[in-house]
Amino acid sequence: MDRLASFGNDPFDKPPCRGCSSYLTEPYIKCAECGPSPFLLCLQCFTRGFEYKKHESDHKYEIMTSDFPVLEPGWTAQEEMSLLEAVMDCGFGNWQDVAYQMRTKTKDECESHYMKNFINNPLFSSTLLSLRQIEESRSADSAIPFKPTDDPPRPTFDSVLSRDMAGYMPARADFMEEFDNYAEWDLKDIDFVDDDSDVLHALKVAVVDIYHSRLKERQRRKKIIRDHGLINLRKFQMLERCYPKEVQELYDVMRRFARVAGPIEHDKFIESHALEFELRREIRRLQEYRKAGIKSFCSAKVYERVKRVREDERRKRTMLCDVLQYIQDGRACQQWLSKQASIDAGITPVVTTITVSASGRRSAPPLNLTGLPGTEKLNEREKELCQVVRLVPGAYLEYKQALLNECRRQGGLRLAQARALIKIDVNKTRKIYDFLIKEGYVNKA
């Protein structure tokens, strides 16, 4: 018989007993001949001589226990794990609560053993020092949202701040609506009784295991959100806009892989690509200078100044193309010509461009989307909507994403909810809402 380390201190981390499906507590039995998956039995099933398929009661076996010293005599492996878990739960230095949670050691014994073997041990000193340096570098680069002594923000339900934080409650470090929010419903009617059959008992245990895995997935998602700073979505979007357009597109594509890498590694990856983009742009600029025969930076400054003047003149000439779009309306054409004359004279034009509809009501002409950021991300129908509503593509994409998220969260969307989310003209909100309904992006609540 061998004395081997167990899976861990938590019984939920170990596979259940093959005989009674109960969670294993040390010591328990492991068959040395059945495999490759471990065949584990509790002491009660082992003493009854439980046999199952290829397993027989006369097989060789191993006793799985943590009742043996690891670092020093008098402290078993089980007690070492209990000490580490107690320090993690109660905090370093709170030795009175650590000893109360362990129940087998005194306050002084816990403190002296932990300081001797985990703090002052030369084997761990270099590792602890490197971890401390990494933690200090992380805290130096990130902003502290509020001091530990301050009261964290408590936004009211359905307020603007609460929506911006996705329902996150800093005081509780929790969300108003969790991922898989109704996972507990599968457990509300389960009751373990003594007269349950083996099949029914195993089925109930399986349901509890499924619920436990769903809780782990919920914690994993919350950890990703906190580590990557996704709680404040507006701040995250502002940081994203600091990058050039090409890097923003890469940022959007690579966001799904952020859960694989850590937040520091993911940011380093994006920053390295941003640096590569800047270097490539600088190389293209130098190649343009070389092609133009420029050999000094003084000549490059003159070249850039003349280039800007030439581009301004070309931009003025394109004003005629804008006039041709409204040539059928005499008043609008006259206003565009006046604007061109003001630009040529060096005066900032103040022109209110209007057209007259068939009903006699004045309305603004469609918005020209040429050169506006985000236009390439729109399809033809969305471009037509932005022109009619006179909404820049960047704002439309932000409003659209907000409405889609709310529809996905609520299972539907009403016009009143859309108006509460995007604070713009109500007529524009209605047109955007009707368009998203018509195109099938959102569903009516």
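**Cysteines, a core and a helix face in a predicted model**

The structure holds zero disulfides. The model discussed here is a predicted one.

Biologist: Which cysteine has the sulfur closest to that of cysteine 20, and why is there no bond between the two?

Modeller: A disulfide is a covalent bond between the sulfur atoms of two cysteines. To count as one here, the two sulfur atoms must lie within 2.5 Å. The sulfur of cysteine 20 is 3.8 Å from its closest cysteine sulfur, which is too far for a bond, and that partner sulfur belongs to cysteine 42.

Biologist: Is cysteine 386 buried or exposed, and what is its relative accessible area?

Modeller: A residue counts as buried when its relative accessible area is under 20%. Cysteine 20 does not meet that limit, because its value of 29% makes it partly exposed. Cysteine 386, which is in contact with leucine 391, does meet the limit and is buried, with a relative accessible area of 1%.

Biologist: Which helix gives the largest share of the largest nonpolar core?

Modeller: In soluble globular proteins, nonpolar side chains tend to be buried together. The largest nonpolar core in this protein has 22 residues, and those that touch the most other members are Leu391, Tyr396, Leu403, Leu413, Ile432 and Leu436. The elements that give two or more residues to this core are α14 (380-389), α15 (393-410), α16 (415-421) and α17 (426-439). The largest share, six residues, comes from α15.

Biologist: Which residues does leucine 391 contact, once its neighbours within four places in sequence are left aside?

Modeller: Leucine 391 is among the core residues that touch the most other members, a group that also includes Tyr396 and Ile432. With its neighbours within four places in sequence left aside, leucine 391 is in contact with Leu367, Leu369, Cys386, Tyr396, Tyr399 and Ile432.

Biologist: Within what arc do the buried residues of helix α4 fall?

Modeller: Helix α4 covers residues 107-119, and its 13 residues reach 17 Å from the first C-alpha to the last, close to the 18 Å expected. Its buried residues are Cys110, His113, Tyr114, Asn117 and Phe118. Seen down the helix axis, these buried residues line one face of α4, because they fall within an arc of 100 degrees.

Biologist: Which exposed residues does α4 carry on the face turned away from its buried side?

Modeller: Exposed residues are those with a relative accessible area over 50%. On the face of α4 turned away from the buried side, the exposed residues are Asp108 and Lys116.

Biologist: Where is histidine 59, and which residues does it contact beyond its neighbours within four places in sequence?

Modeller: Histidine 59 is placed in the loop between α1 (43-47) and β4 (61-64). Although it sits in a loop, histidine 59 is buried, with a relative accessible area of 15%. Beyond its neighbours within four places in sequence, histidine 59 is in contact with Cys31, Glu33, Cys34 and Lys54.

Biologist: What is the relative accessibility of lysine 53, and does lysine 53 count as buried or exposed?

Modeller: Lysine 53 lies in the loop between α1 and β4, and its phi is near 50 degrees, a positive value in a residue other than glycine. Serine 21, in the loop between β1 (3-4) and β2 (28-31), also has a positive phi, of about 65 degrees, and is partly exposed at 22%. Lysine 53 counts as exposed, with a relative accessibility of 73%.

Note on methods
Residues are numbered from 1 along each chain as its sequence is written. This is a predicted model: local features need pLDDT of at least 70, side-chain atom pairs count only at pLDDT 80 or more; totals for chains, interfaces and linings use all residues. Side-chain values use heavy atoms; hydrogens and water are left out. Buried means under 20% relative accessible area, exposed over 50%, partly exposed in between (1.4 Å probe, protein chains only). Contact means heavy atoms within 4.5 Å. A nonpolar core is a set of buried Ala, Val, Leu, Ile, Met, Phe, Trp, Tyr and Cys residues joined through side-chain atoms within 4.5 Å. The expected span of a helix is 1.5 Å times one less than its number of residues. The arc is that of the directions from the helix axis to the C-beta atoms.
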